[in-house]
Amino acid sequence: MATNQGGITGPLAKKRKSSGRAKGGSGHKGAVQCSRCGRLVPSDKAKKFTKAVSAVEPQIARELRQQGSYIPVHRVTSYYCISCAVHSGKMNIREHSERKTVPSR
Ligand SMILES: [Zn+2]
């Protein structure tokens, strides 16, 4: 029986079940650019972070909102490559035994 340990007869070892992507059986996926280093990353591999950004400072915005004014808040989406996401602390490296599973959100 073939094992996943690698070697002459068995298939090569796979670090992650998904190969670090969400591609599945589909073919080519478009690339996005990393917001930090500019690297081209497949869109299903890149880490997507959405952040609410306001032009007004939070202290002033809170006071204005209490007075009943509307402060527009924009959502800024940024994509990170895996290296940058780990380096900037946005995600953590998982333990060896955890890597084979799909993380729950
Ligand atoms: Zn990057």
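Cysteine 37 is found in the loop between strands E1 and E2 (40-42), where helices (H or I, at least four residues) and strands (E, at least two) are DSSP runs numbered from the N terminus. Residues are numbered from 1 along each chain as its sequence is written. The model is predicted, and local features therefore need pLDDT of at least 70 and side-chain atom pairs count only at pLDDT 80 or more, while totals for chains, interfaces and linings use all residues.

Cysteine 37 is exposed, because 12 other C-beta atoms lie within 10 Å. A residue is termed buried if 20 or more other C-beta atoms lie within 10 Å of its own, exposed if 12 or fewer, and partly exposed in between, with C-beta atoms placed from the backbone. With neighbours within four places in sequence left aside, cysteine 37 is in contact with Cys81 and Cys84; contact requires that the C-beta atoms of two residues, placed from the backbone, lie within 7 Å. The C-alpha atom of cysteine 37 is separated by 9.4 Å from that of serine 83, which lies 46 residues apart along the chain.

Cysteine 81, one of these contact partners of cysteine 37, has its place in the loop between E4 and H2. Cysteine 81 is buried, because 22 other C-beta atoms lie within 10 Å. Residues up to four places away in sequence not being counted, cysteine 81 touches Cys34, Cys37, Arg39, Val41 and Ala46. Serine 43 is 38 residues apart from cysteine 81 in sequence, and the two are 9.6 Å apart in space, C-alpha to C-alpha.

Cysteine 81 also belongs to the largest nonpolar core, which has 8 residues in all: Val32, Val41, Ala46, Tyr79, Tyr80, Cys81, Cys84 and Ala85. Such a core is a set of buried Ala, Val, Leu, Ile, Met, Phe, Trp, Tyr and Cys residues joined through C-beta atoms within 7 Å. Two or more residues of this core are given by each of E4 and helix H2 (82-87). Valine 41, a further member of the core, is in contact with Ala31, Val32, Cys34, Ala46, Tyr79 and Cys81 when its neighbours within four places in sequence are left aside.

At the level of the whole chain, the secondary structure comes to 2 helices and 4 strands, and the elements run β-β-β-α-β-α from the N terminus on. Of the 105 residues in the protein chain, buried residues make up 8%. Among contacts between residues at least 6 apart in sequence, 47% join residues at least 24 apart.

Strand E3 (residues 47-54) is hardly covered, the count of buried residues among its 8 residues being 0. E3 and strand E4 (residues 73-80) run antiparallel and are joined by 8 bridges; strands are taken to pair if DSSP finds at least two bridges between them. In this pairing, alanine 52 stands opposite arginine 75 in E4. Helix H1 (residues 58-66) lies largely in the open, because the number buried among its 9 residues is 0. Just after H1, glycine 68 takes a positive phi of about 95 degrees.

Two serines lie in the segment before strand E1 (31-33): serine 18 and serine 19. Serine 18 is partly exposed, because 15 other C-beta atoms lie within 10 Å. The C-alpha atoms of serine 18 and threonine 101 are separated by 8.8 Å, although the residues are 83 residues apart along the chain. Serine 19 is exposed, because 10 other C-beta atoms lie within 10 Å. The phi of serine 19 is near 60 degrees, a positive value in a residue other than glycine.

The pLDDT, which is the predictor's confidence in each residue from 0 to 100, averages 85 over the protein chain, and 89% of the residues score at least 70. Among the elements, the lowest mean pLDDT is that of H1 (91) and the highest that of E1 (96).
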